[in-house]
Number of protein chains: 2
Amino acid sequence: EYKVLNLFICGIGTVGGKLIEQIRSQYDNLKEHSRLKLNVVGVASSHNAIYSRDGIDLAHYKEQLKASEPSSPEKLRDTILSMNIFNAVFVDCTASKEIAALYQSLLDHNVSIVAANKIAASSSYDDYARLKETALRRGIKFLFETNVGAGLPIIGTINDLRNSGDRILKIEAVLSGTLNYIFNKISANCPFSETVKCAKEEGYSEPDPRIDLSGTDVIRKIVILAREAGYRVEQEDVDKHLFVPDYFFTGSLEDFWKHLPELNADFEEKRKKLEAEGKRWRFIATMDHGKVSVALRDVTQDSPFYNLEGSNNIILLTTERYKEYPMLIQGYGAGASVTAAGVFANIISIANV
Amino acid sequence: EYKVLNLFICGIGTVGGKLIEQIRSQYDNLKEHSRLKLNVVGVASSHNAIYSRDGIDLAHYKEQLKASEPSSPEKLRDTILSMNIFNAVFVDCTASKEIAALYQSLLDHNVSIVAANKIAASSSYDDYARLKETALRRGIKFLFETNVGAGLPIIGTINDLRNSGDRILKIEAVLSGTLNYIFNKISANCPFSETVKCAKEEGYSEPDPRIDLSGTDVIRKIVILAREAGYRVEQEDVDKHLFVPDYFFTGSLEDFWKHLPELNADFEEKRKKLEAEGKRWRFIATMDHGKVSVALRDVTQDSPFYNLEGSNNIILLTTERYKEYPMLIQGYGAGASVTAAGVFANIISIANV
């Protein structure tokens, strides 16, 4: 009478931790109101892993992990495959390349994948296509909704539109909460280098903010959206118009922080001009009929990007049917709770309750 | 190797007609790329119906319908049940009360329902709850995403959020394309009565525009959203602040058109004041912790409702997790193609490909 999903959760950082909390608190509710049992049969941190066919006690998984044998990506994969469990879903809440490298063999053995990890969907197109094809052929799932916009319904919406025969013509989006925070924060009193420091201190940026400033994260996201929209795109195909000179990304992190204030005068000059024109800066990713770019752009007050507050994301989808006015989706594009909720939605969609 | 859905499509007006076109043009694509066969086994207009277990030829269904025996809602139901076909989905593209009344017995016989028709989900709460409960208990579906915002991903998103344990605290929305068109159109040169006439002539409003002006359609939609958000709400519970006096809704349609210009002077006076204050009118539906209202409101330039163009819809979801900044979804909220696409997405979700 119940549907059952058997989950292997990999990564117990902020997103994985929140996901386990959500599964624990929703267990009874889903069982009663959706006739779905979410059985967590494995939990792995970067160095340890625990397993139980009957379900792990989610109230005490951390203690159990600490007391467990050391693990590795290969051990993890081998154990999952040897357990040979039905309705299995591997949930990747890491940012690890080694974990992403396990997907193909897991899918080959009928384990569905739900990934918060962006690496697989944004690396080589052929690998991405092979993962999707494997899942389709085996009637299982490879889902990664939270790769773009965290819990916002973006990839699923693109898939729905395309399934009904619509064509995605153009995507324009602010996909970096960090960069939007920075360009909302910058002012006469808060120079560029200071905004970057604030973004780090308030937890918006990566510990090394160059990962955000280099556009790497945004490039991954727009590549994933372009692919899901039906275009064959690689990260190298993305046309980049950044706002920090390339040499800032090559030295040490200490050098980076030391030299960052050198950019302030130039930024302030441009900012004053921008302000006088009533414009704002937004770091916008664009996919236009398969051509992909990321760039810092000036937007005017009538742009939907202009009022994008805080670290929010926004996505405009122009399609054959949403043409004069694109479809617009906006909200938090990062954060552990909303990302975990997006992962959760992907998991539930596999059960199709 | 293929999943199969057997569809009974009821209603071949603008939405049903577009849906059949979309199914026809996507058939090969879905078969090849999603391993899904969409088999249309029945098509019904308001007076006729045709059936074929092997699939109806969608290129010639109209001729076949014309040549077919007369039908009725009861005959339709009896034929569907007697065909006793597996993976059956009844797709309601009508606005008929009689057709909505068939859902319960169809669900009782394991036929899933996808409804563009708003009547079932917005009529008595107990009936709505019983339909949902029946579908859940039988492991089939009762879906109605297009009841609100046409093809915009609203109801599915609310369900996803709640499944992960989020709570919907507040919904604020412009849900009537017609009314938004009217309040975008009104100006010194285009008085209120003229905007209503334009809305009718350009096909935005119902043939009897009082259905839009009375807020009936918006009330249905916000009731559905409130219910999906987890609150027990009836249409009678909705607090109404309309902008056309009640007596306009009681007489004949001729009287309505004749007297409508009497409202122009009052509207123009208020409009001038509004314009001087830099505000705009929006007809906003609100659900706040279960309390539901619809009202014509003034919005300022910093409101996300202010720039809502043409006949677009917008929905803001404030939840426990999307709190400081709500999730925002915006786009066409009506139109045959986008509504049919939303129905299509619901159908595909049943196959869970």
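Here is a walk through the two-chain contact, one helix of chain B, and some charged pairs and single residues.

This is a predicted model, in which local features need pLDDT of at least 70 and side-chain atom pairs count only at pLDDT 80 or more, while totals for chains, interfaces and linings use all residues. Residues are numbered from 1 along each chain as its sequence is written, chains are lettered from A and ligands numbered from 1 in the order in which they are written, and side-chain values use heavy atoms, with hydrogens and water left out.

Let us begin where the chains meet. Chain B and chain A each bring 44 residues to the contact, where contact means heavy atoms within 4.5 Å. About 3,700 Å² is buried between them, 54% of it from carbon and sulfur atoms; buried area is the accessible area (1.4 Å probe) that two parts lose on being put together, summed over both. Of the area that chain B buries against chain A, B:Asn163, B:Tyr325 and B:Tyr332 supply 18%, more than any other three residues. The rule finds zero salt bridges across this interface, a salt bridge being a side-chain nitrogen of Lys or Arg within 4 Å of a carboxyl oxygen of Asp or Glu. It does find 18 residue pairs in polar contact there, both residues at pLDDT 80 or more. A polar contact is a pair of N or O atoms within 3.5 Å; within protein, one must be able to donate a hydrogen and the other to accept it, and residues adjacent in sequence count only if both atoms are side-chain atoms. Among the elements that give two or more residues to chain B's side are H1, H7 and H15 of chain B. H15(B) gives the largest share, eight residues. Helices (H or I, at least four residues) and strands (E, at least two) are DSSP runs, numbered from the N terminus.

Helix H7 of chain B deserves a closer look. This helix covers residues 125-138 and reaches 20 Å from its first C-alpha to its last, close to the 20 Å expected at 1.5 Å a residue; the expected span is 1.5 Å times one less than the number of residues. Its buried residues are B:Tyr125, B:Tyr128, B:Leu131, B:Thr134 and B:Ala135. Buried means under 20% relative accessible area, exposed over 50%, and partly exposed in between (1.4 Å probe, protein chains only). The buried residues of H7(B) pack against helices H5, H6 and H12 and strand E6 of chain B. Just after H7(B), B:Gly139 takes a positive phi of about 70°.

In chain A, H7 takes part in a salt bridge: A:Lys132 meets A:Glu228 at 2.8 Å, N to O. The pair links distant parts of the chain, with A:Glu228 in helix H12 and A:Lys132 in helix H7, 96 residues apart. A:Glu228 is buried at 2% relative accessible area, whereas A:Lys132 is partly exposed at 30%.

Finally, turn to helix H14 of chain B, the place of B:Glu268. The side chain of B:Glu268 makes a polar contact with that of B:Arg271 at 2.8 Å. B:Arg271 in turn meets B:Glu275 in a salt bridge of 3.4 Å, N to O. B:Arg271 and B:Glu275 are separated by about one helical turn, because they are four residues apart in H14 of chain B. B:Arg271 is buried at 7%, while B:Glu275 is exposed at 53%. B:Glu268 also lies 6.9 Å from B:Pro191, C-alpha to C-alpha, although 77 residues separate them in sequence.
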